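Q: Please take a close look at a single part of this model, a loop with an unusual backbone angle, and then place that part in its surroundings. A formal explanation suited to a first-year student would be welcome.

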Amino acid sequence: MFYHVKDLQFNARVSRPDPRFARILLEAFGGANGELTSALQYFVQAFSCHNPFPDKYDMLMDIATEELAHLEIVGDAAETMEIRKLMDGKSAKEEFIQQAFTNPQCVVVAPGSPMLTDSNGNPWCGSYVSANAELTVDLQSNMANECRAKIGYENLLKFTEDPSVRETLIFLMTREVTHFQQFEAALN
């Protein structure tokens, strides 16, 4: 059973709004290698090992739950970069209009809310989830998934100078390494 704890695992902070970066940050939210994919993949995989490997079931459920928390962190960061903060004065409005051309979904579809899409607006798809009901295959897939997520955060770091956002991305990247190590230990 899930319980919502109102304190984030990590408090995402943003120094200034950046809709362009918010757009590419959506890749970590609803992209093929994003947090939603990881959360659902580990959640689904857990069911096939509940009886034969209860300790692996618990590990998968724990990591799946943490990945849901990562969705909340990424979503909070995206929300902090939201459009309403850009509506202060004429120059901010003009800047907002210019940036809206590069990210129209942020204005039209879900102003200020992260969407279940990748950075190009493609909807998240259940086919991103890999679950084979074979624990060794699933764990290896999960290790690869965590590597892809880590690389994604490394790439995102190249697109922001905001020290608060960088701190959030580094935290998330570090957790991906921890998950990789947990899956590796479970495999061994």
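A: Alanine 133 counts as exposed because its relative accessibility is 55%; exposed means over 50% relative accessible area, buried under 20% and partly exposed in between, with a 1.4 Å probe and protein chains only. The model is predicted, so local features need pLDDT of at least 70 and side-chain atom pairs count only at pLDDT 80 or more, while totals for chains, interfaces and linings use all residues. Residues are numbered from 1 along each chain as its sequence is written, and side-chain values use heavy atoms, with hydrogens and water left out.

Alanine 133 lies in the loop between helix H5 (105-108) and H6. Its phi is positive, about 60 degrees, although alanine 133 is not a glycine. Most residues other than glycine have a negative phi.

The loop belongs to a protein with seven helices and zero strands, which gives the pattern α-α-α-α-α-α-α along the sequence. Here helices (H or I, at least four residues) and strands (E, at least two) are DSSP runs, numbered from the N terminus.

The helix on one side of this loop is H6, residues 135-157. Two packed helices are described by the angle between their axes and the distance between the axes. The axes are lines fitted to C-alpha atoms, for helices over the stretch in contact, and the angles run from 0 to 180 degrees between N-to-C directions.

The axes of H6 and helix H7 (residues 163-187) come within 9 Å and cross at roughly 165 degrees. H6 is therefore roughly antiparallel to H7; angles over 145 degrees count as roughly antiparallel, under 35 as roughly parallel, 65 to 115 as roughly perpendicular and the rest as oblique. Their crossing is left-handed, a term for a near helix turned anticlockwise from the far one by less than a right angle, whereas clockwise is right-handed. The residues of this contact of H6 with H7 comprise 16 nonpolar, four polar and six charged. In this grouping, Ala, Val, Leu, Ile, Met, Phe, Trp, Tyr, Cys and Pro count as nonpolar, Asp, Glu, Lys and Arg as charged, and the others, Gly among them, as polar.

H6 also packs with helix H2 (residues 35-47), at an angle of about 165 degrees and with the axes 11 Å apart. H2 and H6 are therefore roughly antiparallel to each other, and H2 passes H6 in a left-handed crossing. From H2 the contact involves Glu35, Ser38, Gln41, Tyr42 and Gln45, and from H6 it involves Asp138, Ser141, Asn142, Asn145, Glu146 and Tyr153; contact means heavy atoms within 4.5 Å. By class, two residues in the contact of H2 with H6 are nonpolar, six polar and three charged.

Histidine 70, in helix H3 (residues 54-80), touches Glu35 as well as Gln9, Leu172, Arg175, Glu176 and His179, not counting residues up to four places away in sequence. Histidine 70 counts as buried because its relative accessibility is 0%. Across the protein, buried residues make up 44% of the 188 residues. Of the contacts with a separation of 6 or more, 77% are between residues 24 or more positions apart.
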